[in-house]
Every structure is written in C-alpha cells, then in structure tokens.
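Biologist: Got a minute to go through this model with me? I'd like to talk about the interface and then the cysteines.

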Amino acid sequence: MAAHSPDLAEQLAFGVLLATQQAASPEMRSELVSLHDASTADYQNEPGESIKLAETPQAAALVLVANTILNLDSALTR
Amino acid sequence: MKPEHFARLQHEQLAHLTRRHFLAKCTTGLGAMWLAGAAERAWGASGVLKKDPANPLAPDLPLLAGKAKRVIYLHMAGAPSQHELFDYKPDLLKLNGKDCPKEFLEGKQFAFIQGVPKMLGPQFGFKQYGQSGAWLSDRLPHFSSVVDDVCFIKSMHTDQFNHGPAQLLVHTGTQNLGSPSIGSWATYGLGSENQNLPGFIVLTSGGRNPDAGKSVWGSGYLPSVYQGVQCRSEGEPVLYLDDPEGITRGIRRRSLDTLDRLNQKIAGETGDAETVTRIAQYEMAYRMQMHATDAFELKQENEATHQLYGTEPGKESFANNCLLARRLAERGVRYIQLFHWGWDSHGSAASEALNKGFSDRCREVDRPMTALLKDLKQRGLLEDTLVVWGGEFGRTPMQENRGGVDSPFVGRDHNPGAFTIWMAGGGVKPGISYGETDPIGYEAITNKVSVHDLHATMLQLMGFDHEKLTYPSQGAFQRLTNITKPGSKVVTGVLA
C-alpha cells in the first residue's frame with residue numbers, strides 16, 4: 001500500500017481494491033483514514049507496542065489498517 | 001489511583017463498550033435490512049424460529065417444557081466394544097473359540113471379517129453393581145460407583161458400518177455430509193446462556209479428530225453461526241484468539257469499531273444475514289479473549305477436583321476435557337461435545353487391541369466420566385444437564401480374523417446390529433437398563449433404539465418435538481431425524 005501513492009487515502013483505497021476487487025467508497029476511505037490517524041496517535045503514545053509492528057508509528061498504523069481491511073466481510077466473502 | 005486500578009477500569013469500560021456500542025448500532029439499518037431479506041431468508045420465514053441475525057445465540061425458550069438445559073456428549077470414536085464393557089453375554093462365553101455358526105454369517109456384510117471367524121467370549125469379568133444391579137466389566141471400576149445415576153441403552157442399532165458415515169449419522173442424522181449436528185440444532189433452538197463464549201464447543205482427545213472430520217460438529221444448512229467451535233485443552237483455548245504482538249486491546253477495539261461500521265454498510269448493500277452474523281462473531285471473539293481464557297484456566301480448580309478427574313495439566317487429555325466440560329456447563333454453554341479417539345478394537349495393532357490398548361482407553365475414561373457425573377450432581381447441575389456416552393456402532397461377537405490369519409492381538413470387527421450407550425441427567429430415568437440384544441450380543445432384539453430414535457429422545461428432553469424443529473433446505477423442511485427416514489420415535493421408556 002505504501003508504495004502505491006504518497007497520499008494516505010489513495011494508499012488505503014488501493015489496499016481495499018487489492019483485498020476486495022472493489023473500489024472503496026468515500027465513506028470507507030474516510031473511515032479508514034480516521035482509523036489510521038487515531039492509531040498513529042495511539043502508537044506514538046505506546047512506542048513499546050509500535051515497534052513490534054513496524055519502524056515508525058505511522059507504519060505501525062498502516063499495518064493495523066491493513067489487518068482491518070483484510071478482515072472486511074467483502075474481503076473474506078467473495 | 002494505582003496504575004493497575006486504572007488499567008482495570010479501562011478494561012471494564014472497554015468490555016461494556018462492546019454491548020452498549022452494539023445495542024446502539026442495532027437500530028441503524030439492521031432492522032430494515034432484516035425485513036427486506038426476511039421473506040427470502042430463512043430468518044423469520046414461516047415454519048422457522050424467529051431469530052435476530054445480529055444476536056443469533058440469544059437464549060431462547062424451547063417449544064415444550066424440557067428438563068435438559070444443556071448437553072454434554074461424550075463420543076468414543078472407533079466404536080467401543082459393548083461385550084467388554086456393558087453387555088454381558090454368558091452364552092457368548094460358552095461359544096468362545098468355536099467356529100461361528102453359519103446362520104450368523106448369512107446375508108451379513110462385514111468390514112474386515114472373512115470366511116468363518118471364531119466366536120470370542122467376553123475378555124473381562126463382569127459383576128453387578130449398585131441398587132440397580134447394573135452389569136459392568138472390571139475395566140470400569142470407578143464407574144461402578146455411579147451406575148445408579150445412569151440409564152443404559154443396550155439395544156442401539158445403526159445401518160452404517162464404517163466410521164466416517166456412522167459418526168456422521170450419529171451426530172448429524174445422515175451418513176452424508178451437509179447436515180447440521182445435534183449441537184447446531186440445540187443452539188439454534190435454545191441459543192446460549194452465555195454470550196461471551198461459543199454456544200457449542202468441541203473438545204477432542206486421543207490424538208486424532210474423529211474419522212468423519214469436522215463436519216460432525218458442522219452447521220450444515222443451518223446458519224454457520226451454529227457450528228461447533230473446537231477448543232483445545234492445552235495452550236490457547238482457541239487458536240488465534242489472542243491479539244498479535246503489537247496490537248493492544250484498545251487498538252483492537254478501535255479497529256473492530258471501524259470494521260463493524262464498514263461491515264454494516266456491506267451488509268446493507270448485500271442484504272446477507274451472514275454478514276451481520278460475522279459482525280456478531282467478531283464481537284464475540286473480542287469478549288472471548290477475556291472470558292475463554294478464564295473458562296479454560298484449570299488451575300482455578302482445587303487439588304481435590306483434579307484428583308477426582310485425574311487431570312493431566314498441560315497435556316491434551318479426556319480427563320482435562322471432562323473437567324472443562326463441567327466448567328463450560330457452569331458458564332451456560334449449551335452443547336459441549338467431547339471426542340475420545342482410539343476405541344477401534346480390531347485386534348490388528350496393540351494400540352487398540354482388546355488385550356492391550358483397550359484397557360488404556362478404559363483407564364483414560366473411567367475416572368473422568370465418573371467424576372463428571374459426581375461433580376455435576378454435587379453442584380446441582382446433573383438434573384438439567386443431559387450427559388450421553390457412546391460410539392458409532394458396536395462390535396461383533398466373533399473374533400476378527402483380518403486376512404484370515406491368526407493375530408497376536410485380540411479384537412472384534414464392526415457391528416451395526418447392536419451397541420450400548422448410556423445417558424444420565426437432564427430428565428433421563430436413572431438406574432435402568434433399556435432394551436436387549438440376542439444371547440450373543442449380535443443384534444438388538446427387544447425395544448430397539450435407532451440413532452434417530454435417540455435424536456428424537458434427546459430433542460424431547462431439550463423441549464422440542466423432533467418433527468417440529470425444522471429448517472428449510474433443498475425445497476423441504478429438514479430435521480435432525482431425517483425426513484427420508486420416517487418412523488423415528490421418542491423412547492418414552494428412558495424418560496424419568
């Protein structure tokens with residue numbers, strides 16, 4: 001996802017496309033962006049947890065959002 | 001405030017957050033979606049129980065008054081030999097070593113016996129026990145102390161003589177794949193008393209899963225939420241239940257909130273009740289992270305209890321699973337299915353032979369199943385817990401002669417004509433033996449009980465008429481007792 005685009009929303013939409021073969025709706029994009037922002041803040045406050053997932057809090061948040069995307073019903077049910 | 005108090009409050013708040021969050025969300029779109037799909041979907045269609053797809057395991061009342069509020073089924077995979085456990089046949093003892101009379105072989109299909117086998121008398125001594133005078137072999141010394149609580153059915157019979165199809169028949173009502181198991185029907189009909197644990201839990205021991213595979217606890221054509229959840233008695237109770245490294249409970253909570261919202265949109269678009277159920281299951285998994293670990297923590301039990309069951313901490317064992325079954329029953333789990341593997345006493349290997357491995361199996365189950373009955377009774381749970389013990393068919397009174405050669409090991413072939421099960425608690429009449437087999441224990445002859453009769457009886461004890469608990473599939477209303485096999489009846493003789 002990170003390699004796809006410098007823009008966060010685009011990255012997450014690409015992830016959704018990869019997992020579900022469907023375009024992410026504007027609501028889905030904004031939900032996922034909010035999740036990423038909130039999780040980045042969480043990981044900044046918990047560096048011990050953050051480092052278990054990735055080098056930086058932003059990258060850790062991206063891992064978490066990727067995990068969430070992979071668990072979407074539309075990713076699991078074809 | 002101390003840090004641990006704060007963390008605890010945070011935890012409790014997070015726990016409440018799920019329920020409040022969920023109830024608040026219930027009004028958004030779910031009602032409309034459900035109505036839209038109701039006519040087509042089987043949730044709420046006529047002839048089917050009304051369920052809320054967002055809460056499919058909510059406790060439900062049965063249609064009749066049933067004594068059994070929960071079931072613990074102890075399945076002995078491989079088919080334990082009734083001749084060496086419960087069905088004492090002195091006539092068979094007299095025939096020991098003689099050639100099998102022709103009339104017992106004509107028209108019969110055997111799994112492995114060829115030509116003319118020898119008759120095999122009971123390999124262990126039998127005595128009578130308790131006020132009921134129940135016959136029991138010397139392989140089950142502990143069990144002799146609880147026979148007065150037990151109802152033996154000696155006249156069970158089936159039409160399957162191979163393990164996979166026979167196990168499917170016992171647990172799903174048909175020898176073919178695709179039908180729901182008894183536990184699925186039970187949780188469909190009754191829901192569960194505990195929303196933090198699965199309503200139908202499966203525990204295995206003996207080193208292998210049953211031959212029929214995981215379909216014996218599958219949900220078939222019932223919504224998949226009613227399938228059995230296999231838990232383990234060593235290590236994590238449920239694989240992958242714990243959050244991975246780097247994801248804290250708080251972070252998981254937020255990710256789940258997002259997932260819930262996104263999945264609800266998807267559910268609205270697709271109208272698929274299974275999506276709604278998936279949301280419910282993720283939420284349950286979140287709650288299970290706290291509650292399953294607690295339920296499975298055998299260390300909480302005192303030493304006396306561990307002695308009673310003969311548990312082996314840290315290992316997978318039938319004893320551990322029996323103790324777990326009691327703990328899960330206490331916590332309101334509706335259907336607890338145990339499988340113990342290794343009873344297939346053909347006599348082709350030491351591990352299962354009557355003169356070797358069979359005694360090990362008996363030792364593995366004798367103390368724990370006795371403990372389970374005593375423990376449930378002492379806690380006042382036995383009267384509304386139905387306990388069932390049995391295999392998938394019986395064994396022949398003839399000695400197995402695989403390939404026509406004498407073997408150093410002693411065994412019997414498969415016999416669908418007669419087998420013994422026992423039941424206790426949950427409205428079953430204690431201290432009786434129901435039904436009889438012929439003088440050599442080959443065929444059930446008096447008060448025969450088919451597998452479907454057993455199902456009808458179990459459903460009755462849970463409060464259901466087996467012909468009325470149905471679900472549409474393939475153009476008909478299907479039921480556990482199998483519409484292609486009419487004539488199943490409740491065995492009133494075993495009801496208290």
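Modeller: Sure, let's start with how the chains meet and then turn to the cysteines. Keep in mind that this is a predicted model.

Biologist: OK, how many residues of chain A are in contact with chain B?

Modeller: 22 residues of chain A are in contact with 18 residues of chain B. Together the two chains bury about 1,900 Å², with 59% of that on carbon and sulfur atoms.

Biologist: And how many salt bridges are there between chain A and chain B?

Modeller: There are 4 salt bridges between chain A and chain B. One of them joins the side chains of B:Arg261 and A:Glu31, at 2.8 Å from N to O. Polar contacts between the chains come to 10 residue pairs, both at pLDDT 80 or more.

Biologist: Which helix gives the largest share of the side of chain A that touches chain B?

Modeller: That's α2(A), with 9 residues. On that side of chain A, α2 (26-45), α3 (47-53), α4 (57-70) and α5 (73-76) each supply at least two residues. By type, the residues there split into 9 nonpolar, 6 polar and 7 charged.

Biologist: New topic. How many disulfides are there over all chains?

Modeller: The search of the whole structure gives 0. For B:Cys151, the nearest cysteine sulfur is that of B:Cys322, 19 Å away.

Biologist: Why is B:Cys231 not in a bond either?

Modeller: Because its closest cysteine sulfur, in B:Cys322, is 15 Å away, which is too far for a bond.

Biologist: Is B:Cys231 buried or exposed?

Modeller: B:Cys231 is buried, at 4% relative accessible area. B:Cys151 is buried as well, at 0%.

Methods:
Residues numbered from 1 in each chain as written. Chains lettered and ligands numbered in written order. Predicted model: local features only at pLDDT ≥ 70, side-chain atom pairs only at ≥ 80, totals over all residues. Heavy atoms only, no water. Contact = heavy atoms within 4.5 Å. Buried area = accessible area lost by both parts, 1.4 Å probe. Polar contact = N/O pair within 3.5 Å; in protein donor to acceptor, adjacent residues only side chain to side chain. Helix = DSSP H or I, 4+ residues; strand = E, 2+ residues; numbered from the N terminus. Nonpolar A, V, L, I, M, F, W, Y, C, P; charged D, E, K, R; others polar. Disulfide = S-S within 2.5 Å. Buried < 20%, exposed > 50% of the residue type's maximum accessible area, 1.4 Å probe, protein only.
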